[in-house]
Amino acid sequence: MLGNITPGDSMVKRRSDPGIQLRSTCILVPLESWDGDWTFIRLMQTGDIADCARWIAETPLWQRYGVTEESMADRFRAALDAGATIYVAEQAGEVVGFVWFVERGAFDHSGYIRLIGVRPGARGHGIGRALLEFVEEKSFAAGRDIFLLVSDFNTDAQRWYIRQGYRQVGQIDSYVRQDVNELIFRKTRQ
Ligand SMILES: CC(C)(COP(=O)(O)OP(=O)(O)OC[C@H]1O[C@@H](n2cnc3c(N)ncnc32)[C@H](O)[C@@H]1OP(=O)(O)O)[C@@H](O)C(=O)NCCC(=O)NCCS
């Protein structure tokens, strides 16, 4: 189960354990309710794209934005070519989630979460939170705030972000789509 770990990866115990350190681009998060399996967070690789793009295209949220398997795969490919920072959560050799993080992507000053998603069927097991905490740790090492946009109709995600400590600080009307307003959410380092 831990065969994918390579030298230099840091291993993180339970997130409630004191003294957790995220020193490299990889962490391990044991999720008790997930059959005792380990979630391994690492950078996305080209080989992850096809599978990831497939379930993203099946997600109603992104269907509303016209995302298809092909368009998402193209977007990931272009992003990786351009050196984007996209992490995936891997479990038993399968990618179960991803987060696209842009350092100083908000106002050229703060961290910005561009996209985050967990595979349908893997949701509600703490994977999203592990990905979020992973990029927050990186963002808060560099600055005080982290921002993201969430669709006005995506009330489940809004509630989830609020539980993770985010607050709405603004709204951009008809930004990505004419018929959708994007809510600006912010979390500030404690
Ligand atoms: C929003 C989304 C990323 C959240 O990811 P997730 O993995 O389902 O979320 P989590 O499991 O971390 O959190 C859900 C709840 O499960 C619970 N949970 C269950 N098992 C858990 C475990 N072993 N460890 C931690 N939390 C667990 C948590 O209590 C959590 O509740 P909380 O919000 O009070 O912390 C995911 O649902 C998703 O991809 N949605 C569709 C796409 C989307 O809306 N993306 C956001 C766009 S802005």
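1. Two residues are taken to be in contact when their C-beta atoms, placed from the backbone, lie within 7 Å. On that footing, and bearing in mind that the model is a predicted one, Ile 113 touches Val 99, Phe 101, Val 135, Ile 146 and Leu 148, with residues up to four places away in sequence left out of the list.

2. As to the overall architecture, the protein has 5 helices and 8 strands, and read from the N terminus the order of these elements is β-β-α-α-α-β-β-β-α-β-α-β-β. Of its 190 residues, 31% count as buried, and among contacts with a separation of 6 or more, 50% are made by residues 24 or more positions apart.

3. The largest nonpolar core comprises 39 residues, of which Cys 52, Tyr 87, Phe 98, Val 99, Ile 113 and Leu 131 touch the most other members. At least two residues of this core come from each of β2 (38–43), α1 (49–57), α3 (69–81), β3 (85–91), β4 (94–106), β5, α4 and β6 (145–151), and β4 gives the most, with 7 residues.

4. Ala 106, which has its place in strand β4, deserves a separate remark. The cut-off for a buried residue is 20 or more other C-beta atoms within 10 Å of its own, and Ala 106 counts as buried because 21 other C-beta atoms lie within 10 Å. With residues up to four places away in sequence not counted, Ala 106 touches Gly 111, Tyr 112 and Phe 147. Its C-alpha atom is separated by 9.2 Å from that of Asp 145, although the two residues are 39 residues apart along the chain.

5. Helix α4 has 16 residues and reaches 24 Å from its first C-alpha to its last, which is close to the 22 Å expected at 1.5 Å a residue. The buried residues of α4 are Ile 127, Gly 128, Ala 130, Leu 131, Leu 132, Phe 134, Val 135, Glu 136 and Ser 139; one of these, Leu 131, is also among the core residues that touch the most other members, while Val 135 is one of the residues touched by Ile 113.

6. Turning to the ligand, 20 residues surround it, and the closest are Arg 123, Gly 126, Gly 128, Arg 129 and Ala 157. The shell divides into 8 nonpolar, 8 polar and 4 charged residues, and at least two of its residues are supplied by each of β5 (110–118), α4 (127–142) and α5 (155–163). Both β5 and α4 thus appear in two lists, as contributors to the shell around the ligand and as contributors to the largest nonpolar core.

How values were computed
Residues are numbered from 1 along each chain as its sequence is written. This is a predicted model: local features need pLDDT of at least 70, side-chain atom pairs count only at pLDDT 80 or more; totals for chains, interfaces and linings use all residues. A residue is near a molecule or strand if its C-beta atom, placed from the backbone, lies within 6 Å of it. Helices (H or I, at least four residues) and strands (E, at least two) are DSSP runs, numbered from the N terminus. Ala, Val, Leu, Ile, Met, Phe, Trp, Tyr, Cys and Pro count as nonpolar, Asp, Glu, Lys and Arg as charged, and the others, Gly among them, as polar. A residue is buried if 20 or more other C-beta atoms lie within 10 Å of its own, exposed if 12 or fewer, and partly exposed in between; C-beta atoms are placed from the backbone. A nonpolar core is a set of buried Ala, Val, Leu, Ile, Met, Phe, Trp, Tyr and Cys residues joined through C-beta atoms within 7 Å. The expected span of a helix is 1.5 Å times one less than its number of residues.
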